[in-house]
Amino acid sequence: MTKYKMGIMGGTFDPIHIGHLILAEEAKNYFGLDKIIFIPTGRPPHKHWDNMAEPIKRYEMTLLATTDNPDFIVSSIEIDREGTTYTIDTIKYLIQKYKDTEFYFITGADSIVEISNWKNSKELLSLCKFITAKRAVVSDNKLEKTISEIEKKLGVSIDILPIPYIDISSTNIRNKIKKNESIKYYLPDSVRDYIFKNKLYID
């Protein structure tokens, strides 16, 4: 019996942008995933969350960005959780909730090269498959070397999604807003309108 295959897009989504959506769609098609679940982080341990947009606003922007794709769903499990949120806890929750499901965690190369610093990274890599996309901030050699070391050490496999670099970042978008520069086409119009309506990233 073929298992249900679910992709996981975790991130601060501060704000969510076209790069996130392209990555999710490409991963879904290339690996034959049934659904992609977007999970905005609550209080991630590796970022200064006090400088981010409120969790509910990041969640609402993610909903707006994905509403026209029936294969994309959004979960508030991390923003509903009190305290620091860790990926390992989220994965364990999903495994309990979605029986007979194979999980694929989709992330960028910059996260993969730091994954050994994640909480219970060895266990995490054993619980779900990892898919990574190349990013300009990480050289191909460094990414391939890191993946090779992880695979040899832990006996797991990490797949590289063969798509071009998507050089769009939430940081860049926030900076453009502060400078009053156009962000058209960087993210869905609905998200752009939400940002301006709520006066996000101005200060």
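Before I turn to the first helix, let me fix one term: a residue is called buried when its relative accessible area is under 20%. Please also keep in mind throughout that what we are looking at is a predicted model.

With that in hand, take helix α4, residues 87-97, where the buried residues are Ile 88, Thr 90, Ile 91 and Leu 94. Looking down the axis of α4, these buried residues fall within an arc of 160°, so they line one face of the helix. As for what that face meets, the buried residues of α4 pack against β1 (4-11), β2 (35-40), α3 (77-80), β4 (101-108) and α6 (121-127).

Next, the cores. In soluble globular proteins, nonpolar side chains tend to be buried together. Here the largest nonpolar core has 34 residues, and the members that touch the most others are Met 9, Ile 16, Ile 36, Phe 38, Met 61, Ile 106 and Ile 195. Two or more residues each come from α1 (18-31), β2, α2 (55-66), β3 (72-74), β4, β5 (129-133), α8 (170-178) and α9 (189-197), and of these it is α1 that gives the most, with five residues. There is also a second, separate core, made up of 24 residues, which includes Ile 88, Phe 105, Ala 109 and Ile 158; Ile 88 is one of the buried residues of α4 that I named a moment ago.

To give a sense of the surroundings of a single core member, consider Phe 38: leaving aside residues up to four places away in sequence, its contacts include Met 9, Phe 13, Ile 16, Leu 21 and Ala 24, and also Thr 62, Thr 66, Phe 72, Ile 73, Val 74 and Ser 75.

Helix α9 can be read in the way we read α4. Its buried residues are Val 191, Arg 192, Tyr 194 and Ile 195, and, seen down the axis of α9, they fall within an arc of 160°, so they line one face of the helix. Among the elements covering these residues are α2 and α8. Just after α9, Lys 199 takes a positive phi of about 55°.

Finally, a word on empty space. The second largest pocket holds about 180 Å³, and the elements that give two or more residues to its lining are α6 and α7 (140-154). The largest share, five residues, comes from α7. By class, the lining has six nonpolar, three polar and three charged residues, with Ile 112, Ser 121, Lys 122, Glu 149 and Leu 154 among them.

Technical notes: Residues numbered from 1 in each chain as written. Predicted model: local features only at pLDDT ≥ 70, side-chain atom pairs only at ≥ 80, totals over all residues. Heavy atoms only, no water. Buried < 20%, exposed > 50% of the residue type's maximum accessible area, 1.4 Å probe, protein only. Helix = DSSP H or I, 4+ residues; strand = E, 2+ residues; numbered from the N terminus. Arc of directions from axis to C-beta. Contact = heavy atoms within 4.5 Å. 1 Å grid on protein atoms, 1.4 Å probe; cavity = no way out; pocket = protein on both sides within 12 Å on 5 of 7 lines; lining within 4 Å. Points joined across faces, edges and corners; volume = space filled by probe spheres on them. Nonpolar A, V, L, I, M, F, W, Y, C, P; charged D, E, K, R; others polar. Core = buried A, V, L, I, M, F, W, Y, C linked by side-chain atoms within 4.5 Å.
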